[in-house]
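Colleague: I should like to go through this model with you. Could we begin with the terms and then turn to the residues?

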Amino acid sequence: VSWRALKVQFRSHEIERRYRAIAHGDVRDQRFESVLVPDRGDGLRGTQQARKRVPEGAGKRAITHVRRVKALKGATLVECQLETGRTHQIRIHLAEAGHPLLGEKQYLRDFKATLIPSPRLALHAAVLGLNHPRTRRPMRWENPIPDDFQTIIDGLEP
């Protein structure tokens, strides 16, 4: 019963999921909506490219809301709110917009600028909110930015 109730919340986009990320470049507030496919034509998960036909229904709708939090040297601290939860959704949306995350190793094929070094992928799960599957009472967890993530931010302060 509990698992089914949670699945319904995920499907109806009732689950609150917010992430903090540090992305290359000057990222502005925006909404990404795309269909993510297992292979965009170059061996990577991402949005379908014109050069490859993907069978009908092979992709899944993905929506990410990005809000600029703070400008940094060569990068931007952003908050990403997911409407959907697809594999690597935030990484793909920002990379395909020309703003890969710091520490990104996979979604870089189209990025031509100099990479800012990072000891890890600059992505942090900050908030999870849902309704309790039995009582329906709202539940919310906030996860503070870890020290290593804050060290990256501090090193990029203007």
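Modeller: A polar contact is a pair of N or O atoms within 3.5 Å; within protein, one must be able to donate a hydrogen and the other to accept it. Please bear in mind that this is a predicted model.

Colleague: Which side chains make a polar contact with the side chain of His93?

Modeller: The side chain of Thr64 does so at 2.8 Å, and the side chain of Ser34 at 2.7 Å.

Colleague: How far apart are the C-alpha atoms of His93 and Thr64?

Modeller: Their separation is 7.6 Å, although the two residues lie 29 residues apart along the chain.

Colleague: What else is in contact with His93, leaving aside its neighbours within four places in sequence?

Modeller: Besides Ser34 and Thr64, the list holds Phe32, Leu36, Ala62 and Ile63.

Colleague: Is His93 buried or exposed?

Modeller: His93 has a relative accessible area of 4%, so it counts as buried, the limit being under 20%.

Colleague: Where is His93 found?

Modeller: His93 belongs to helix α2, which covers residues 89–96.

Colleague: How many of the eight residues of α2 are buried?

Modeller: Seven of the eight are buried, so the rest of the structure largely encloses α2. The buried residues are Gln89, Ile90, Arg91, Ile92, His93, Leu94 and Ala95.

Colleague: What covers them?

Modeller: The cover includes β1 (16–24), β2 (30–37), β3 (46–47), β4 (60–72), β5 (75–82) and β6 (123–131).

Colleague: Which residue just after α2 takes a positive phi?

Modeller: That is Gly98, with a phi of about 90 degrees.

Colleague: Changing topic, how many salt bridges are there?

Modeller: The count comes to 14 salt bridges. In one of them, Arg31 pairs with Glu33 at 2.8 Å, N to O.

Colleague: Are Arg31 and Glu33 buried or exposed?

Modeller: Arg31 has a relative accessible area of 44%, so it is partly exposed. Glu33, at 43%, is likewise partly exposed.

Colleague: What does Arg18 pair with?

Modeller: Arg18 forms a salt bridge with Glu16, and their closest N and O atoms are 2.9 Å apart. Arg18 is partly exposed, at 22% relative accessibility.

Colleague: And which residue forms a salt bridge with Glu142?

Modeller: Arg140 does, with the closest N and O atoms 2.5 Å apart. Glu142 is exposed at 58% relative accessibility, whereas Arg140 is partly exposed at 44%. Through shared salt-bridge partners, Glu16, Arg18, Arg20, Arg67, Glu79, Arg140 and Glu142 are joined into one network.

Methods: Residues numbered from 1 in each chain as written. Predicted model: local features only at pLDDT ≥ 70, side-chain atom pairs only at ≥ 80, totals over all residues. Heavy atoms only, no water. Helix = DSSP H or I, 4+ residues; strand = E, 2+ residues; numbered from the N terminus. Buried < 20%, exposed > 50% of the residue type's maximum accessible area, 1.4 Å probe, protein only. Contact = heavy atoms within 4.5 Å. Salt bridge = Lys/Arg side-chain N within 4 Å of Asp/Glu carboxyl O.
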